[in-house]
Amino acid sequence: MDNSRIARFVLIAASAALAAALYFGIAATFDKYSKLADQDGRVGYQTVVQAEINLLRLQAALVNREPADAEDVAARIAAFRHDAAVLSEASGALDIQDLESAGPAIAQIRNFLEVVERHPESHLATNENASTILNGALAALQAPLAQLADEARRLDDSIRKDFRSSFETELEIVFWTYMTILVAAMAFMGVLSRQKSLTEHARTEAVQARQRFQEFAATTSDFFWETDADHRYTYFARSSEAAFEHFIGLRRDQAALQETEEERKKWRDHITDLDAHLPFRDFTYRVRTGTGEIRHIRSSGVPLVDAEGVFEGYRGTSADVTAEIEHFEEARRAQKTLRDGIEALSEGFALYDADDRLVICNETYRKIYESSAPAMVPGTPFEEILRYGIARGQYEGAQEDPEGWLADRMRRHLDPPETPMEQHLGDGRTLLVIERKMTDGGSVGVRLDITERKRAEAEAQEAQRQAETASRVKSEFLAVMSHELRTPLNGILGMIDLAFDESENETVRSRLQVARSSSEHLLSLIGDILDVSKMESGYFDLEANDFSPQSLLEETEALLQPRADAKGLRFEIALDPSVPPALKGDLGRLRQILLNLGSNAVKFTEKGQVQITLSGTAEADGAYRLSGCVSDTGIGVDMTQKELLFKEFTQLDSSYRRNFGGTGLGLAITKKLIEMMDGSIDVTSEPGKGTDFTFEVMLQVGDVTGLEETKKETDMELPRLDGLRVLLVDDSPSNRMVAKLMLEKAGCRVSTATEGLEALEVLKGTDVDIVLMDIAMPTMDGMEATKRAREMGFSLPIIALTANAMAGDREVYLGAGMNDYLTKPLRTASLIEMMNRHWQDSSNRRDNSDGLEKNLSSPVLDKQALDILIAEAGPEILPTLIEGFTTEMEQRLGVLENNEHWADKNRVTIEAHALKGCAAAYGAAQVSTIAAEIENDLRTGDAGTAQSRVPELSEICQQTREAFADFLAHAPS
């Protein structure tokens, strides 16, 4: 029943009541209606009507919820709230006993007010769910009010019957009641007219609002729909009709795709909620559009009820979220791929966010840290995971000081080092920990279980240690054997040389020559054994000197020709004319290669010839590939045993050892020497027909001028050492005898001692220029005696005499304070040459010392550095060296003084560094100090301070030039 019908009904009822009152004279009617109409001046029909009108306007306004109309809707809600409050407050005007529905009506009014109070006007105006709730509350209010009106009419009839007999006595009252009601009726008719106008206006506004709604729906990406009470689509906004108009008449679940059990269950649950008239939000499902596309839809809806509160269906909005779903699925697939990739890693992997909380880790990571795996839940801080593992004894060393261990681990985790670090677990495993910071503040960590690798390394180190021990034992054994063999050989060869030089009997000299050859052969065997040891220890170095290939062949021929002649063999040498006249390399080792190969050729050839040829090819940058071939017509070898030829201590069969002897080291040493020269060796042979050994080595083209100088030095006679005072220290009488005779023949004055303590006593009481110190002696050996002599202040040259020619010996002797060493057996030429060299150096240092002291008054020069420079270079070339340094100093200072060069920080840093180093080497101490300060300032980023030091450097350089000039002017020549 609409409001106009209610108004007409109320008018007819009022007229009937008036007629009844006039006719029956019911005086009590006035009292009842007066209470109802105007109790305490608070309630009247006008108020009721106004409230109903505002209610109609509110209902019309709620149809349109555009933001522009929100203010109007809010105003109407406020007006009706006021009218409803007035009605509620006037409940005292109603006779609750006479009107049974008055209580429920007032309760509904209060309920309605509570609904309004819970929702601000702006919320009711813009929120569809809220306005739906308000409409429901309004519909619930209308029925009790209508019932109240019906009961009022029945009450009027009862009053007429009860008070008909008093009509005459209360006529006046009835008259005035009539007049009052008449006036009220007239006012009420005016209200009805106004209400009708307002209703029409509200309807017009509703139509306009619905039109605006349709236009708004046509422009939004979302679309609007409605369903009936059976959940069948009845309406779609125009923007979506083309895609979804074929859904009209279908239930919501019929319009959706349900291809999986998961989708079917979701729709069953959804229909259950719809049947319960529950609102829903963000329900996502799939549909097939009118064009055949499969789209993902997200919907929200609210139930619709009529004025009587009867469920009419749903109204809602939907959005096409296909792109969003596809992007989400793509991201999910990418995330899954990432997870799968992380899980596939053989290393443990973990990712922590900027707050140091775990984001993800793979199963390998959990297995590595099995004890703390339960704590590895995403979102758990790294420190908390560490504490969990510490509490369970997972980390080695963490139990003694848990907090200290944790603090150190956290420090390295938050500021990880560039290089991986090792972590030891309580169960004995070792991990390699690699951690890196990310740009967003998070971190990634990789863990590798290197337990087996560490175990293998430990085993390898132990094996290496054992090998080194074995090698050291072998070296020590060889050293002892070398000493024991070389010591008697020293006496034998020394005496043979002296006897050969003194004897004029050719028969004796011939026999002495045989003894010398045998001794030298024995010495050669010892040398082979020592060469192998040197190569294995890594202390075998090659020299690089200019030599003549022609002379090399001729020397080899001179050594091998007598052996070939003794066997009736033809011995030939040949040099390709294209080979340069001078090459640069280790002449001694090349001679050893040719002698080893040539000796074998002569040894294993009974008839025919032996030939040695050299040829070669020029390479880039002055390199030269020298090729050699040693061929013979001897017994040949079986090529199936080719590899055995170059193995140490190996010969092909026992018959070779019986017939030809040897150690089996010659070819092994030859192969290693050739390989050290970046070359290779090969062999071709046929048993009974001969053998060809071919090899190649990489050398450099030499300087012919250097050859001439070397030849001059070789042709020079041995120098005289007249007046040289020598202390010879050796526990072997024969060795002392041989060495003393050699020295005395050269003009030396020789004192002797048998061991270190005796030598120190001799030094205290005798003027000595040079000491020849044996290494292995009883009581006090040579190295200990040398240390004691240095501690006592003796600075004279001390030369070691040793039968130990092992790798590393030279470094050991020099480290003990010795100046040089000679290997036994001593040869006259090498002994005299070394003595002469050290005697001259010592004399120059003594002669120059006084002059040097006099010339070092300047604080800018360093005496010790100049001492070293003079000792190493010699006084004769010192002026040239100092001149070169001062020129370099000027050039580098010029770069630092040029302001334009300071734009290139790297260049001035290099110049300062270079000046620092060369100044220190030449004794320019203050120049070196200031240059070092400039370099340090530049490397720490303080270029301004560095440049400010340049004027001071320039002044010190000038003082240094003057100091060097004064020094050279007074230095002895």
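Trainee: What relative accessible area does Met-783 have?
Mentor: This is a predicted model, in which local features need pLDDT (the predictor's confidence in each residue, from 0 to 100) of at least 70 and side-chain atom pairs count only at pLDDT 80 or more, whereas totals for chains, interfaces and linings use all residues. Residues are numbered from 1 along each chain as its sequence is written, and side-chain values use heavy atoms, with hydrogens and water left out. Met-783 is found in helix α25, helices (H or I, at least four residues) and strands (E, at least two) being DSSP runs numbered from the N terminus. Because buried means under 20% relative accessible area, exposed over 50% and partly exposed in between (1.4 Å probe, protein chains only), Met-783 counts as partly exposed, at 22%.

Trainee: How far apart are the C-alpha atoms of Met-783 and Ala-816?
Mentor: Leaving aside neighbours within four places in sequence, Met-783 is in contact (heavy atoms within 4.5 Å) with Ile-775, Val-812, Tyr-813, Ala-816 and Met-818. Met-783 and Ala-816 lie 33 residues apart along the chain, yet their C-alpha atoms are separated by 5.8 Å.

Trainee: On which strands does helix α25 pack?
Mentor: The sheet concerned is open and parallel, with five strands in the order β19-β18-β20-β21-β22; two strands pair if DSSP finds at least two bridges between them. Its edge strands, each paired on one side only, are β19 (749-753) and β22 (820-823). Helix α25 (residues 782-791) makes about 145° with the direction of β20 (angles run from 0 to 180 degrees between N-to-C directions, with axes as lines fitted to C-alpha atoms, for helices over the stretch in contact), and it touches β20 and β21.

Trainee: Which residue of β21 stands opposite Leu-772?
Mentor: Strand β20 (residues 770-774) runs parallel to strand β21 (residues 798-802), and four bridges join them. Opposite Leu-772 in β21 stands Ile-799.

Trainee: Is His-838 buried or exposed?
Mentor: His-838 has its place in helix α27 (residues 828-854). Not counting residues up to four places away in sequence, this histidine touches Ile-770, Pro-797, Ile-799, Asn-819 and Asp-820. Because its relative accessibility is 9%, His-838 is classed as buried.

Trainee: How far apart are the axes of helices α19 and α21?
Mentor: Two packed helices are described by the angle between their axes and the distance between the axes. Residues of α19 including Ile-593 and Leu-597 meet residues of α21, among them Leu-673 and Ile-674. Helix α19 (residues 587-603) and helix α21 (residues 666-676) pack at about 145°, and their axes are separated by 10 Å.

Trainee: Which residue of β7 stands opposite Ala-350?
Mentor: A further open sheet has five strands in the order β7-β6-β10-β9-β8, with antiparallel pairing. Its edge strands are β7 (358-361) and β8 (421-424). Three bridges join strand β6 (residues 348-352) to β7. Opposite Ala-350 in β7 is Cys-361.

Trainee: Which element of the protein chain has the lowest mean pLDDT?
Mentor: The chain has a mean pLDDT of 76, with 65% of its residues at 70 or more. Where pLDDT is low, the predicted coordinates should not be read in detail. Residues 32-50 stay under 50. Among the elements, strand β15 (residues 623-632) has the highest mean, 95, while the lowest, 42, belongs to helix α20.
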